[in-house]
Amino acid sequence: MSLGRQFIKGTMSRLLPRDRFLLHGPTSTNGDATCVEIALTFDDGPHPEWTPVVLDALAKAGWKGTFFVIGERAAEHPELVKRIVEEGHAIGNHSYTHSEPSRTAARQFADETRRTSELIDRLTGTHSSLIRPPKGKLSLMKFVHLWQNEQSIVLWNVDPKDFAMTDDVSTDSWCDSYKPHQGDVILLHDRLPHAATIVQRLAQRHADHVKSVSVFDWLPSAISISPSSNGVSTEC
Ligand SMILES: [Zn+2]
């Protein structure tokens, strides 16, 4: 991310309410200084091979994740969308086709996000206002559209660049170097094999003092769902 974009996002994060623009979660530990809460987020799925592996890894760790799904892939794999929600994870909108932001007009962007939102509603019976625009890029008009529709824009403050990882050596190298901080939002992609490996490695290294929560845990107003169906928090 360029320094200019970093500065703009940092400034917006300080000025806007967290439930409308989230770059990272709460930095206070909610009274439990021994437990660091991070949010593992997964973009570009669901993927028939890798999303189930990520879900299995999260379940084994007792962690929750947040999945920003592409509408056309969600339409191809509705059973995975349902599984994500049934297992207590947060779900969000990542456009319908993941069209290149610089070549996507605001009107098309609005249409894509509406279609995906309607599909998630229909498949899960819940309404999520979480949205992550493709590549995290928004024009002013797209931002205004999301703002007027009371969407919660969720970006990230930690990017392992899993799309560039080629093997377990590069995955392990990042996991070794990563020091979890309260409120970290980590960008991963469940269309790739490395996301599940990263979940497994982080759980092995940090399970006693870190837990991944869903973004719904930080932004409960972003979902209209009965409390009994919401994500279940786990102890460190
Ligand atoms: Zn994406």
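**Close-up 1. Strand S8 in the predicted model is mostly covered**. Strand S8 spans residues 185-189, and 5 of its 5 residues are buried. Val185, Leu187 and His189 point one way from S8, while Ile186 and Leu188 point the other way, and the residues on both sides are buried.

**Close-up 2. Strand S2 pairs with strand S8**. Strand S2, which covers residues 36-45, is joined to S8 by 5 bridges, and the two strands run parallel. Within this pairing, Leu40 is the residue that stands opposite Ile186 of S8, and Ile186 is itself one of the buried residues of that strand.

**Close-up 3. The zinc ion and its protein donors**. The protein donors of the zinc ion are Asp44, through OD, together with His94 and His98, each through NE2, and they lie 2.1 Å from the ion. Along the chain, these donors follow the spacing D-x49-H-x3-H. Because buried means under 20% relative accessible area, His94 belongs to that class with a value of 1%, whereas His98, at 25% relative accessibility, counts as partly exposed.

**Close-up 4. The second largest pocket and its lining**. This pocket has a volume of about 260 Å³. Its lining is made up of 13 residues, of which Ile8, Lys9, Met12, Gly136 and Leu138 are the closest to the centre of the pocket. Helix H1 (3-15) and helix H6 (140-148) each supply at least two residues of the lining, and the largest share, 4 residues, comes from H1. By residue type, the lining of the second largest pocket divides into 8 nonpolar, 2 polar and 3 charged residues.

Technical notes:
Residues are numbered from 1 along each chain as its sequence is written. This is a predicted model: local features need pLDDT of at least 70, side-chain atom pairs count only at pLDDT 80 or more; totals for chains, interfaces and linings use all residues. Side-chain values use heavy atoms; hydrogens and water are left out. Donors are N, O and S atoms within 2.8 Å of the metal (3.2 Å for Na, K and Ca); water is not among the atoms, so sites may look incomplete. Buried means under 20% relative accessible area, exposed over 50%, partly exposed in between (1.4 Å probe, protein chains only). On a 1 Å grid over the protein atoms alone, a cavity is a set of points where a 1.4 Å probe fits but cannot get out, and a pocket is an open set with protein on both sides within 12 Å along at least five of seven lines; lining residues have an atom within 4 Å of a point. Grid points are joined across faces, edges and corners, and a volume is the space filled by probe spheres set on the points. Ala, Val, Leu, Ile, Met, Phe, Trp, Tyr, Cys and Pro count as nonpolar, Asp, Glu, Lys and Arg as charged, and the others, Gly among them, as polar. Two strands pair if DSSP finds at least two bridges between them.
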